[in-house]
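User: I should like to examine how the terms applied to this model are justified. Please set each value against its criterion.

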Amino acid sequence: MEVMGICAICGRAAKLYTCPLCGKLVCGQCMDQKRGMCLSCTQGTRGKPKNSKF
Ligand SMILES: [Zn+2]
Ligand SMILES: [Zn+2]
């Protein structure tokens, strides 16, 4: 299923993918298909501190 629209990250019209994490519609270049998430989420995971000790 192909969806054309405006990418939520770079803002240009392209074929969009839905990020399973944040639900944003992003284009192929803004979607990290290896990780299965958008670039916003791949960068966001690094920013979140892991609380190994609760
Ligand atoms: Zn994009
Ligand atoms: Zn995302």
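**Geometry and burial at the zinc sites**

Analyst: In this predicted model, the site of the zinc ion (ligand 2) is tetrahedral, with angles of 104 to 116° among its 4 donor atoms.

User: Why is the site of the zinc ion (ligand 2) called tetrahedral?

Analyst: Four donors count as tetrahedral if all angles lie between 85 and 135 degrees. The angles here are 104 to 116°, so the site meets the criterion.

User: What makes Cys 19, Cys 22, Cys 38 and Cys 41 the protein donors of the zinc ion (ligand 2)?

Analyst: A donor is an N, O or S atom within 2.8 Å of the metal. The SG atoms of these four cysteines lie 2.2 to 2.3 Å from the zinc ion (ligand 2), and therefore they qualify. In sequence, the donor residues are spaced C-x2-C-x15-C-x2-C. Cys 22 lies in the loop between strand 2 and strand 3, and Cys 41 in helix 1 (residues 39–47), so this pair ties together parts 19 residues apart in sequence.

User: How do you know whether Cys 22 and Cys 41 are buried or partly exposed?

Analyst: Buried means under 20% relative accessible area, and partly exposed lies between that and 50%. Cys 41, at 14%, is therefore buried, whereas Cys 22, at 36%, is partly exposed.

User: Why is the site of the zinc ion (ligand 1) called tetrahedral?

Analyst: The angles among its 4 donor atoms are 102 to 116°, so they fall between 85 and 135 degrees. The donors are the SG atoms of Cys 7, Cys 10, Cys 27 and Cys 30, lying 2.3 Å from the ion.

Technical notes. Residues are numbered from 1 along each chain as its sequence is written. Chains are lettered from A and ligands numbered from 1 in the order in which they are written. This is a predicted model: local features need pLDDT of at least 70, side-chain atom pairs count only at pLDDT 80 or more; totals for chains, interfaces and linings use all residues. Side-chain values use heavy atoms; hydrogens and water are left out. Donors are N, O and S atoms within 2.8 Å of the metal (3.2 Å for Na, K and Ca); water is not among the atoms, so sites may look incomplete. Four donors count as tetrahedral if all angles lie between 85 and 135 degrees; four count as square planar and six as octahedral if opposite donors are over 155 degrees apart and all others between 65 and 115; anything else is irregular. Helices (H or I, at least four residues) and strands (E, at least two) are DSSP runs, numbered from the N terminus. Buried means under 20% relative accessible area, exposed over 50%, partly exposed in between (1.4 Å probe, protein chains only).
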